Amino acid sequence: MAAVAAGLSWRRVSSFTGPVPRSRHGHRAVAIRELLIIFGGGNEGIADELHVYNTVTNQWFLPAVRGDIPPGCAAHGFVCDGTRILVFGGMVEYGRYSNDLYELQASRWLWKKVKPQAPSNGSPPCPRLGHSFSLYGNKCYLFGGLANESEDSNNNVPRYLNDFYELELQHGSGVVGWSIPVTKGILPSPRESHTAIVYCRKDVGSPKMYIFGGMCGCRLNDLWELDIETMTWSRPETKGTVPLPRSLHTANVIGNKMYVFGGWVPQSAGGEISAPDGEWKCTGSFSYLNLDTTEWIGLISDCQADKSNLLPGPRAGHCAVAVGTRLYIWSGRDGYRKAWNNQVCCKDLWYLDTERPLAPSQVQLIRATTNSFQLKWDEVPTVEGYLLQLHADSPVPLVAGIPGTGIPETSVLSSQGGCSLHQSPQSMPSIPYAEMKVDHPSQTNNLIPNNVQVALSSSSKVEGKEKVAAPENKVTQETMKNHTDATGFKESNAPSLLPVCTSSSAQTSANIGELHDLDKQSVNPDASVSSTVSSTQTMVTQQAVKTESSRTNGAVVKDETSLTTFNSKSEAAETAYVMPSTRVSTGQTNDSHSSRAPQRLPAPVKTRDRRWYDVGIFKNNSAVVSQFYLLPEETLNINSKMEGADVPDYRLLKKQDLFPGTVYRFRVAAINGCGVGPFSKISEFKTCIPGFPGAPSTVKISKSVDCIHLSWEPPASPSGNILEYSAYLAIRSTQLQENPSQLVFMRIYCGLKTSCIVTAAQLSNAHVDYTSRPAIVFRISAKNERGYGPATQVRWLQGKVTVTHS
């Protein structure tokens with residue numbers, strides 16, 4: 001469900017899975033990437049479990065923690081530094097507070113009790129609850145809280161604190177010790193259950209800590225600022241309406257705003273705030289402080305929150321966590337029922353997108369056919385879907401040409417005739433490449449036809465996603481002249497974008513040995529992994545390949561003249577972990593996208609008056625495209641499709657099939673609760689021309705001490721007899737040094753066999769591509785009577801590689 005207030009749309013999360021933690025208050029939470037990690041709190045006893053919520057898969061789970069597991073606590077300090085979490089203090093049982101410090105290494109779910117050194121100029125912090133604990137750099141800042149003056153925990157004599165400590169952290173794990181900084185200015189008054197955040201303006205590099213509200217016998221709404229560099233306290237002047245005095249609220253920084261939600265506030269009557277001993281209530285009011293201008297802006301008032309069940313209900317002692325520009329709120333106390341003599345806690349999880357999403361990366365091509373594309377783009381965190389659009393040139397006529405005659409051998413890769421892919425704008429012909437992709441069976445990519453308010457994606461993030469490069473073809477003038485004669489390629493002002501794949505997995509890539517010195521060292525036998533792909537199936541498997549020590553005298557051709565260069569810069573962020581895609585717009589699996597006879601495309605339009613058509617809205621960051629929607633004439637102008645515009649009802653629109661040999665341009669925008677964000681840069685791809693062979697499949701890499709063995713299987717669709725294969729290796733070159741974004745390839749094999757040997761001498765000349773994880777790049781393509789088809793590119797992951805330059 002969703003509700004809009006002050007231009008904001010809250011969403012209540014439903015249908016999550018896993019062991020949902022019991023509702024509570026006084027708990028704390030942090031975010032590590034897409035994970036919310038929640039610890040402590042109380043409701044009929046203090047909780048000691050560590051709960052984790054995956055915001056991508058919508059799943060709760062209880063990690064198997066080990067080590068010095070801390071006791072349950074509430075109103076404690078809880079900060080996250082990378083993948084480690086620090087817990088300080090809190091209430092461990094009624095009236096008994098703690099000053100213990102624990103560290104959790106979340107990468108291993110390992111707890112450790114740490115003992116920082118005492119400050120040289122005073123005592124360490126006393127046991128407390130309701131303090132603030134804030135991280136900046138390698139320092140944690142502790143302020144205030146509530147202590148028990150009585151030694152008897154049953155005789156609770158509260159003492160409000162305003163002491164200030166600094167805790168220095170060691171890099172990675174452990175702490176150095178406490179110190180008591182010497183500060184200037186007037187210290188904030190004693191308090192507990194306040195909030196503290198740290199913010200550093202982009203234009204002014206001095207970090208500031210802001211403390212707001214809290215409790216000291218009565219609720220407070222004062223704002224304090226600490227300049228961390230000069231250690232000077234001050235009371236900044238603010239504009240706008242200051243939120244009501246409150247405690248047990250939350251404050252989170254997103255961008256340049258501090259969002260304040262909920263808490264205990266005075267029960268007002270006729271506009272008058274009640275006296276300190278008057279009535280108090282939980283609130284669902286929501287405001288932010290612009291930290292650059294120190295202006296308060298109210299977003300949701302008490303009145304709105306009380307009357308709407310489409311907004312998070314009033315609460316205090318909840319947790320709030322920012323994941324990117326999205327704010328999550330979970331549980332908390334929603335009041336006190338005197339008749340029942342107990343407290344009532346919320347069980348709901350909400351999120352709010354505070355800004356429109358960023359533009360995704362450029363669309364990348366995984367595979368092209370004569371009438372479809374398989375596309376992907378980088379994920380944008382915390383989004384609900386993606387709007388994909390295209391526009392097209394008029395169909396490019398097929399060239400009834402001579403299949404490859406007259407093309408020099410140096411242009412073997414350049415003359416491939418399957419399809420073309422571009423990415424604006426530099427004058428280059430294009431090259432098709434087939435992706436050996438790795439699919440995850442639990443992920444789907446359903447087209448969302450009419451509803452932008454998409455549920456959270458269920459796709460899982462996988463450790464070790466491999467990023468890959470996209471090459472650019474750079475050929476001689478002679479090659480470019482012959483290019484369209486052989487393949488029907490359209491010369492365009494665009495470098496090529498080439499889909500690629502990894503030949504290693506996260507489990508083994510860390511063990512892959514160095515290849516620069518194969519003569520002197522053995523290579524880990526389990527390091528090489530093959531990715532197998534079938535051109536007729538979307539499911540792909542990955543399996544480890546054991547060392548094959550055979551050293552055959554295969555036809556290895558070291559063709560020093562067969563060099564081709566490619567641009568890898570534009571796809572440096574592409575991942576080869578590709579989600580399977582339900583073919584939603586191909587007319588094969590979805591009734592609403594039934595196949596139709598191809599309709600004639602609209603007349604070509606001027607370059608500066610391109611018409612953008614919706615392909616659809618997709619849940620995940622991949623799509624199979626074989627059709628697009630024809631919009632009504634009045635909405636066709638490119639300027640009419642503004643960011644955040646309403647998405648049309650696709651059921652009312654006609655569909656157009658893609659044509660062979662046609663250049664299509666793509667752009668994609670992410671969608672969240674704030675609407676449609678900006679579009680990506682434009683990518684340009686061309687559908688294939690019939691008759692060329694498909695890409696070789698099931699590439700395997702095995703190795704012995706002094707060589708590498710490459711093998712592959714013939715294309716699933718050879719479109720005739722295969723005349724030969726060519727294998728290429730990316731090598732070092734002066735051209736590459738001058739332009740690191742270009743890969744230079746040398747042909748290392750040409751023949752009919754479906755395997756070849758790569759010698760240590762050849763590998764010593766290999767270029768190690770660092771656009772993502774270090775990898776050596778191979779390409780293999782097949783040739784039939786019409787010419788070379790798309791190549792399969794394999795990135796062979798390396799460990800810590802130090803390449804020797806001979």
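Where is Asp-348 found? I started there and worked outwards; note to self that this is a predicted model.

**Entry 1: Asp-348**

I traced Asp-348 to the loop between β29 (342–345) and β30 (349–353). Next I checked whether that loop residue is buried or exposed. Its relative accessible area is 10%, and because the cut-off for buried is under 20%, Asp-348 counts as buried.

Then I pulled its contacts, skipping residues up to four places away in sequence: Asp-348 touches Arg-12, Arg-315, Ile-329, Trp-330 and Ser-331. I also looked at its side chain and found a polar contact of 2.7 Å with the side chain of Trp-350. One C-alpha distance went into the log as well: Asp-348 and Gly-313 are 35 residues apart along the chain, and their C-alpha atoms are separated by 9.1 Å.

**Entry 2: the chain overall**

I zoomed out for some totals. The chain has 60 strands and 5 helices. It runs to 806 residues, and 57% of them count as buried. I also looked at contacts between residues at least 6 apart in sequence, and 70% of those join residues at least 24 apart.

**Entry 3: nonpolar cores**

Which residues touch the most other members of the largest nonpolar core? I got Phe-373, Leu-375, Leu-388, Leu-390, Val-625 and Phe-666, out of 26 residues in that core. I listed the elements that give two or more residues to it: β31 (364–368), β32 (373–376), β33 (385–392), β45 (613–618), β46 (622–625), β47 (627–630) and β49 (663–672). The largest share, 4 residues, comes from β49.

I picked Leu-375 for a closer look. Leaving aside neighbours within four places in sequence, its contacts include Val-363, Leu-365 and Ile-366, plus Leu-388, Ala-623, Val-625, Phe-666 and Phe-685. Gln-364, Asn-621 and Ser-622 are also in contact with Leu-375.

Apart from this core I found another one, of 25 residues, with Ile-708, Val-758, Ala-766 and Val-768 among them.

**Entry 4: cavities**

How many cavities of 30 Å³ or more are there? I counted 4. I went for the second largest, which holds about 60 Å³ of space. Its lining is made up of Pro-70, Pro-71, Cys-73, Val-87, Gly-89, Val-92, Ser-98, Asp-100 and Tyr-102. The elements giving two or more residues to that lining are β9 (84–93) and β10 (96–105). By class, I tallied 6 nonpolar, 2 polar and 1 charged residues in the lining of this second largest cavity.

Technical notes:
Residues are numbered from 1 along each chain as its sequence is written. This is a predicted model: local features need pLDDT of at least 70, side-chain atom pairs count only at pLDDT 80 or more; totals for chains, interfaces and linings use all residues. Side-chain values use heavy atoms; hydrogens and water are left out. A nonpolar core is a set of buried Ala, Val, Leu, Ile, Met, Phe, Trp, Tyr and Cys residues joined through side-chain atoms within 4.5 Å. Buried means under 20% relative accessible area, exposed over 50%, partly exposed in between (1.4 Å probe, protein chains only). Contact means heavy atoms within 4.5 Å. On a 1 Å grid over the protein atoms alone, a cavity is a set of points where a 1.4 Å probe fits but cannot get out, and a pocket is an open set with protein on both sides within 12 Å along at least five of seven lines; lining residues have an atom within 4 Å of a point. Grid points are joined across faces, edges and corners, and a volume is the space filled by probe spheres set on the points. Ala, Val, Leu, Ile, Met, Phe, Trp, Tyr, Cys and Pro count as nonpolar, Asp, Glu, Lys and Arg as charged, and the others, Gly among them, as polar. A polar contact is a pair of N or O atoms within 3.5 Å; within protein, one must be able to donate a hydrogen and the other to accept it, and residues adjacent in sequence count only if both atoms are side-chain atoms.
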